[in-house]
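Biologist: I have the model open beside the sequence. Could we go through it together?

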Amino acid sequence: MGTTHVTVTVKNPAARDRAWQGEFLVDTGAIESLVPRQHLEAIGVEPFGSRTYEMADGRRLQFDIGGAELEFMDEMVMGTVVFVDDDVEPLLGLTALESAGIEVDPRNQQLKRLSAVRLKALAAH
């Protein structure tokens with residue numbers, strides 16, 4: 001299975017002219033988006049709290065979280081960003097993807113735009 005990357009611009013919602021752009025690994029297994037702390041601090045995004053996350057190996061780690069605008073594929077969404085160590089690859093998580101109406105095509109590992117953003121799960125009739 002391949003990997004999918006996308007260019008994302010992260011903006012400070014309180015000062016939209018302050019931004020950082022980078023290549024993010026698309027990770028549908030991650031709920032939130034991960035951004036190296038140095039980039040968030042450089043654009044003035046400050047943590048508003050912290051949250052405990054469970055890692056793929058079962059460990060539980062606590063990280064600072066903040067809010068930022070995430071722009072990719074001509075879409076902009078507001079989202080929670082996780083402040084991670086500077087050597088961690090940026091990840092675009094499921095919440096940002098779904099909010100923008102974007103999903104990963106499992107056959108070719110490419111991003112595709114949904115015809116409409118889903119507001120609820122489909123119910124069995």
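Modeller: Let us begin with Lys11, whose side chain makes a polar contact with the side chain of Glu71 at 3.0 Å. A polar contact is a pair of N or O atoms within 3.5 Å; within protein, one must be able to donate a hydrogen and the other to accept it, and residues adjacent in sequence count only if both atoms are side-chain atoms.

Biologist: And what kind of model is this?

Modeller: This is a predicted model, in which local features need pLDDT of at least 70 and side-chain atom pairs count only at pLDDT 80 or more, while totals for chains, interfaces and linings use all residues. Residues are numbered from 1 along each chain as its sequence is written, and side-chain values use heavy atoms, with hydrogens and water left out.

Biologist: Is Lys11 buried or exposed?

Modeller: Lys11 counts as buried, at 17% relative accessibility. Buried means under 20% relative accessible area, exposed over 50%, and partly exposed in between (1.4 Å probe, protein chains only).

Biologist: Which residues is Lys11 in contact with?

Modeller: Leaving aside neighbours within four places in sequence, Lys11 is in contact with Arg16, Arg18, Ala19, Ile43, Ala68, Glu69 and Glu71. Contact means heavy atoms within 4.5 Å.

Biologist: Where does Thr9 lie?

Modeller: Thr9 is in strand E1, residues 5–12, and Lys11 lies in E1 too. Helices (H or I, at least four residues) and strands (E, at least two) are DSSP runs, numbered from the N terminus. Thr9 is buried, with a relative accessible area of 15%, and its side chain makes a polar contact of 2.9 Å with that of Gln21. Beyond four places in sequence, the contacts of Thr9 are Ala19, Trp20, Gln21, Glu69, Leu70 and Glu71.

Biologist: Turning to the largest nonpolar core, which residues touch the most other members?

Modeller: Those are Val8, Val10, Leu70, Phe72 and Leu92, out of 23 residues in that core. Two or more residues each come from E1, strand E2 (15–26), strand E5 (60–72), strand E6 (75–84), helix H2 (94–100) and strand E8 (102–105). A nonpolar core is a set of buried Ala, Val, Leu, Ile, Met, Phe, Trp, Tyr and Cys residues joined through side-chain atoms within 4.5 Å. There is also a second, separate core of 9 residues, including Leu25, Ala30, Tyr53 and Val84.

Biologist: What about Met76 in E6?

Modeller: Met76 counts as partly exposed, with 38% relative accessibility. Not counting residues up to four places away in sequence, Met76 touches Glu69, Leu70 and Glu71.

Biologist: How many bridges join E4 and E5?

Modeller: Strand E4 (residues 49–54) and E5 pair in the antiparallel sense over 6 bridges; two strands pair if DSSP finds at least two bridges between them. Glu54 stands opposite Arg60 in E5. The hairpin has 5 residues between the strands, and Gly58 there takes a positive phi near 95 degrees.

Biologist: Finally, what does the secondary structure of the whole chain come to?

Modeller: It comes to 2 helices and 9 strands, running β-β-β-α-β-β-β-β-α-β-β from the N terminus. The radius of gyration is 15 Å, close to the 14 Å that the globule rule gives for 125 residues, so the chain is as compact as a globular protein of that length. That radius is taken over C-alpha atoms, and the rule is 2.2 Å times the number of residues to the power 0.38.

Biologist: What share of the residues is buried?

Modeller: Buried residues make up 38% of the 125.
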